Amino acid sequence: MNVFAFFEMMPRVSARGARRPFFGVAAALRARRTSLLCHGFARGVLSLLRVCIGVARHAVLRTASSTRSGEPSRQVALSLPLILLAFAAAGVAVAMLTADLLARLDVSQQVDAVLEKEVLPLVDGLLGKDAPPLQKMMTRLGVKAKAQAMVSTALPRAKRALYAVGLAKLFCIELGPLLAALLLSGRLGGSYAGEVATMEATSQNKLLKTLGRSPRRWSLAPSLLAALIAAPLLTALGSGLAIFIGRPIADAYGLGEGADDASWYREFVRDALLPPLRCQRSWGLWRNFVEVTTWPLAHNAVKAATYIVLIVLVAEAIARSRNLAPRDVPRAITASVVAGGLAVIFGDWAFSQLLLRREWQE
């Protein structure tokens, strides 16, 4: 049955009884009026749909833009207390352990053993068998006293250098980026996975596709950009705090006693973190790349950026699973945190192989 027949069969109630619409009108005119009514009704429905889609699009874009604006600063502000507290605790623990071990280190007995076994027999041989016993005894005591004086002079400086350089390189090259990445895997990776998984479970990604927007470009690009800005900054702040805490710990354990300059800690840290960058044109591209990426400060930033990219990509892959129901969102968050941590550990192994490729030479 077509539309015209439908309108022909529709009853019209009036004072004179039930009648058909356009009763008594010519067939051509009746068909034209029916067509105009159908077109008007269709245009009204399309206009209503257009208005509804426009309102929904405006609401989605406004909400998303308001949540995406200031994303780097929001990530830094929310993660900064966690990073600083964790690095402060780690810095205190590592500094106290290292300072306590160095303060307890005593090599006087080992030096005496080496003298008795290696040096003093040579001294006795040089003096000869006919040398008076008193001369031999005084010579042996003089050699021992000279060796102990040299050790007591050089050992404190060696302890200070080992403490400052070891702490600086430990947090800048290895422990700082790894600790920050594992913390951000739970803080940032879990948050991003929960957001994307919720969008997937509630069909918000389908709505974005209907509006002509790419879901990955809408959610992944801003989050990845914010993470690339926030992660190296947070890692640098945390590593700097842990290294800064090392100075008062060293003073508390007496490692700075007898130092010629009160700024000994800062000088050792500066020499450890800012060594000469040895790039030459005669070297190949790979060797120059290894030299730049293993330079301490650049290594800290490159590690932090690589780890956060792995975390976000793993969370993106897990949260975009098909047929994801709302009840599966917590499971996706847990899986992204665990998988992101494993990705960071494998990435740390890869960077350790890169450090082995560096030629540590003066």
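These legends describe close-up views of a predicted model.

**View 1. The largest cavity and its volume.** The count comes to one cavity of 30 Å³ or more. The largest cavity has a volume of about 40 Å³.

**View 2. Residues lining the largest cavity.** The lining is made up of Pro177, Ala180, Ala181, Leu184, Ala231, Thr235, Ala304, Tyr307, Ile308 and Ile311. Nine of these lining residues are nonpolar and one is polar. None is charged. Thr235 is the polar one, as Thr is not in the nonpolar or charged groups.

**View 3. Helices around the largest cavity.** Three helices each supply at least two residues of the lining: α5 (133–201), α7 (215–252) and α10 (296–319). Tyr307, one of the lining residues, lies in helix α10.

**View 4. An aromatic pair between helices α10 and α11.** The structure holds five aromatic pairs. One of them joins Tyr307 and Phe351. The geometry is edge-to-face, with 5.9 Å centre to centre and 90° between the planes. This pair links distant parts of the chain: Tyr307 sits in helix α10 and Phe351 in helix α11, 44 residues apart. Tyr307 also lines the largest cavity.

**View 5. A nonpolar patch on the surface.** Leu182, Val338, Leu342, Ile345 and Phe346 form the patch. Together they have about 500 Å² of accessible area. Helix α11 (residues 329–357) gives the largest share, four residues. Val338 is in helix α11. Helix α11 also holds Phe351, the partner of Tyr307 in View 4.

How values were computed: Residues are numbered from 1 along each chain as its sequence is written. This is a predicted model: local features need pLDDT of at least 70, side-chain atom pairs count only at pLDDT 80 or more; totals for chains, interfaces and linings use all residues. Side-chain values use heavy atoms; hydrogens and water are left out. On a 1 Å grid over the protein atoms alone, a cavity is a set of points where a 1.4 Å probe fits but cannot get out, and a pocket is an open set with protein on both sides within 12 Å along at least five of seven lines; lining residues have an atom within 4 Å of a point. Grid points are joined across faces, edges and corners, and a volume is the space filled by probe spheres set on the points. Patches are made of residues with over 30% relative accessible area and no salt bridge: like charges are joined within 9 Å, nonpolar side chains (Val, Leu, Ile, Met, Phe, Trp, Tyr) within 5 Å. Accessible areas come from the Shrake-Rupley method with a 1.4 Å probe; for residues, only the protein chains shown count as cover. A salt bridge is a side-chain nitrogen of Lys or Arg within 4 Å of a carboxyl oxygen of Asp or Glu. Rings of Phe, Tyr and Trp (its six-membered ring) pair if their centres lie within 6.5 Å; planes under 30 degrees apart count as stacked, over 60 as edge-to-face and the rest as tilted.
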